[in-house]
Amino acid sequence: MNLYGYTKENLEAYFESIGEKKFKATQVFEWLYQKKITTINEMSNLKKELREKLANEFELNLPSLIKRQVDVDVEKYLFELKDQEHIEAVLMRHDYGLSICVSSEVGCNMGCRFCESGRIKKIRNLETSEMVGQVLAIEKIIQERIDSVVIMGIGEPLDNEKNVMNFIRIINDAKGLQIGARHITLSTCGIVPKIEKLIDFPIQINLAISLHAPNDSLRNQLMPINKAYPIKDIINVVKKYIAKTHRRVTIEYILLRNVNDSISDAKELAKLLRGMNVYVNLIPYNETNHIEFKKSKKEQINAFYDTLKKEHISVTVRREFGSNISAACGQLRSKKEEENN
Ligand code: SAH
């Protein structure tokens with residue numbers, strides 16, 4: 001078993017099960033996530049016999065780096081996992097610190113028409129350790145601390161809920177990577193019952209919803225998941241989430257030229273979101289070779305933005321990172337597959 005997949009609570013239970021004191025879990029966490037040792041033998045405040053036992057039962061595996069592309073403010077990483085599957089993570093340098101975008105699955109089953117990741121069906125969930133591993137591997141390469149994490153890479157995090165929640169517990173733990181709840185964002189295409197469960201999750205992360213359309217007829221065409229969980233259900237669960245958590249929710253909206261970027265779409269979106277504690281993040285579409293959608297023209301993005309503003313909806317336009325280095329989710333991985341064919 002990979003030790004990076006254990007939450008502190010899991011490790012406490014493990015130590016108790018072998019007749020050891022549970023505070024050993026805290027010591028192990030400090031070694032793994034603060035001192036960042038790479039072998040169990042370095043855990044010098046544990047007795048030699050215990051270290052040997054741990055070394056027999058656990059491994060410390062990080063994903064291995066296959067490719068790194070570096071631009072001024074963005075770096076893209078392609079990792080290989082122990083079964084030779086590939087995943088991506090993206091590092092972004094903001095004024096306020098470093099953030100990384102991690103993948104949650106190998107492939108994705110959601111099939112959003114505009115998304116590169118969805119072209120490759122889900123092969124498997126990522127293990128908790130493989131998500132923690134993306135953060136640790138990048139910190140190790142750059143020798144800098146990562147301040148925030150967005151779960152917006154390949155995969156639908158709420159389709160791999162258990163492992164994703166344990167990942168959040170580990171990176172947020174005061175003895176773990178100490179990434180504050182407000183510095184962790186989970187983005188979902190809108191799996192309503194899982195969002196409902198998130199309301200009671202004790203770590204109050206940021207929630208982002210990939211909406212991308214103001215009505216069901218358009219959203220059905222772009223995102224097949226909408227047939228299972230239509231917009232009305234998403235809005236209702238987001239309202240409930242806000243009422244219970246008092247947290248502002250992000251609504252993500254990719255602007256696709258002549259598809260969802262008209263002024264009337266903006267007005268319909270404003271009407272849908274009226275009175276809710278949300279803000280809209282407009283995402284200039286990152287074009288890919290395989291998909292016919294185009295990015296909206298600059299003037300259209302501005303007009304959409306202005307319309308929402310006039311309707312008193314909080315809105316920002318996402319800064320574009322790394323279109324030069326295929327930073328849109330899934331693009332590096334699918335390039336690699338092409339090279340292999
Ligand atoms: N499955 C989750 C998280 C992964 S996708 C979700 O749907 O939210 C992360 C975000 O990137 C989503 O908002 C997704 O719609 C968006 N996205 C996908 N392909 C994109 C592209 N080519 N350009 C811009 N954003 C894209």
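Reader: How far does a polar side-chain atom of S210 lie from an oxygen atom of the ligand?
Author: This is a predicted model, in which local features need pLDDT of at least 70, side-chain atom pairs count only at pLDDT 80 or more, and totals for chains, interfaces and linings use all residues. Residues are numbered from 1 along each chain as its sequence is written, and side-chain values use heavy atoms, with hydrogens and water left out. A polar contact is a pair of N or O atoms within 3.5 Å; within protein, one must be able to donate a hydrogen and the other to accept it, and residues adjacent in sequence count only if both atoms are side-chain atoms. Between the polar side-chain atom of S210 and the ligand oxygen, the distance is 2.6 Å.

Reader: Which residue has a polar backbone atom 2.9 Å from a nitrogen atom of the ligand?
Author: H212 approaches the ligand through its side chain, with a polar atom 2.6 Å from a ligand oxygen. The backbone approach to the ligand nitrogen, at 2.9 Å, comes from N286.

Reader: What percentage of the ligand's own accessible area does the protein cover?
Author: Accessible areas come from the Shrake-Rupley method with a 1.4 Å probe; for residues, only the protein chains shown count as cover. On its own, the ligand has 530 Å² of accessible area, and the part covered by the protein is 94%.

Reader: How many charged residues does the shell around the ligand have?
Author: A residue is near the ligand if one of its heavy atoms lies within 4 Å of it; of the 18 residues around the ligand, E156, S187, S210, H212 and N286 come nearest. Strands β8 (184–188) and β10 (249–255) each supply at least two residues of this shell. For the classes, Ala, Val, Leu, Ile, Met, Phe, Trp, Tyr, Cys and Pro count as nonpolar, Asp, Glu, Lys and Arg as charged, and the others, Gly among them, as polar. The shell has 9 nonpolar and 7 polar residues, and its charged residues number 2.

Reader: Is S210 buried or exposed?
Author: Helices (H or I, at least four residues) and strands (E, at least two) are DSSP runs, numbered from the N terminus; S210 lies in strand β9, residues 206–210. Buried means under 20% relative accessible area, exposed over 50%, and partly exposed in between, with a 1.4 Å probe and protein chains only. Because its relative accessibility is 12%, S210 counts as buried.

Reader: Which side chain does a polar contact of 3.2 Å join to that of S210?
Author: Contact means heavy atoms within 4.5 Å. Neighbours within four places in sequence aside, S210 is in contact with S187, T188, C189, R219, M223 and E252. The side-chain partner in the polar contact of 3.2 Å is E252.

Reader: Which residues of β8 point the other way from I184, L186 and T188?
Author: Strand β8 is mostly covered, with 5 of its 5 residues buried. Two strands pair if DSSP finds at least two bridges between them; β7 and β8 do so in the parallel sense over 3 bridges, and V150 has T185 as its bridge partner in β8. I184, L186 and T188 point one way, and on the other side are T185 and S187.

Reader: How many bridges pair β3 with β4?
Author: Strand β3 (residues 86–94) has 8 of its 9 residues buried. Antiparallel strand β2 (residues 74–80) is joined to β3 by 7 bridges, and the hairpin of β2 and β3 has 5 residues between the strands. A hairpin of 2 residues leads from β3 to β4, where the bridge partner of H94 is G97. The antiparallel pairing of β3 with β4 (residues 97–101) has a bridge count of 5.

Reader: Which residue's backbone oxygen does the side chain of Q143 reach at 2.9 Å?
Author: Q143 is placed in the loop between α4 (128–142) and β7 (148–151). Its relative accessibility is 65%, so Q143 counts as exposed. At 2.9 Å from its side chain is the backbone oxygen of K140.

Reader: Is T307 buried or exposed?
Author: T307 has its place in helix α11, residues 298–310. Beyond its neighbours within four places in sequence, T307 is in contact with I263, A266 and K267. With a relative accessibility of 8%, T307 counts as buried.
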